[in-house]
Amino acid sequence: MTVSRKLKIVLLAGIVGFLGLQAADRLSPPGSSSLVSAAEARIGRPLTPFSVAGVARRTVRRCAVGVYYC
């Protein structure tokens with residue numbers, strides 16, 4: 001199996017998966033939970049990715065693991 005054939009298979013699987021998620025979201029009855037829920041994060045809250053506390057927590061964790069040279 002060549003690399004281009006593998007790439008085509010992976011690309012096709014990704015497209016089919018994405019279209020399946022979109023179809024499942026549109027075909028679900030109103031008021032029921034879907035496979036993909038809406039994000040409800042608020043910028044600036046303590047556990048959101050862009051808050052000062054979140055950035056500090058990630059930086060400390062990455063320094064401890066060795067991702068960053070601190």
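Helices and strands are taken here as DSSP runs, with at least four residues for a helix and at least two for a strand. On that basis, the chain in this predicted model contains 2 helices and 0 strands. Burial is scarce: of the 70 residues in the chain, 4% are buried. The surface exposed by the chain comes to about 6400 Å², with carbon and sulfur atoms supplying 67% of that area.

Turning to the helices in order, α1 covers residues 3-27 and includes Phe18. Phe18 also belongs to a nonpolar patch on the surface, where it is joined by Leu11, Ile15 and Leu19. Together, these four residues offer about 410 Å² of accessible area.

Helix α2 spans residues 52-65. From the first C-alpha to the last, its 14 residues reach 20 Å, close to the 20 Å expected at 1.5 Å a residue. Just after α2 comes Gly66, which has a positive phi, near 105°.

Within α2 lies Thr59, a residue worth a closer look. Thr59 counts as partly exposed because its relative accessible area is 33%, a value that falls between the 20% limit for buried and the 50% limit for exposed residues. Thr59 can also be placed relative to Cys70: the two are 11 residues apart in sequence, and their C-alpha atoms lie 9.3 Å apart in space.

Notes
Residues numbered from 1 in each chain as written. Predicted model: local features only at pLDDT ≥ 70, side-chain atom pairs only at ≥ 80, totals over all residues. Heavy atoms only, no water. Buried < 20%, exposed > 50% of the residue type's maximum accessible area, 1.4 Å probe, protein only. Areas by Shrake-Rupley, 256 points an atom, 1.4 Å probe, with all protein chains shown as cover. Patch = residues over 30% accessible without salt bridge, like charges linked within 9 Å, V, L, I, M, F, W, Y side chains within 5 Å. Salt bridge = Lys/Arg side-chain N within 4 Å of Asp/Glu carboxyl O. Expected span 1.5 Å × (residues − 1).
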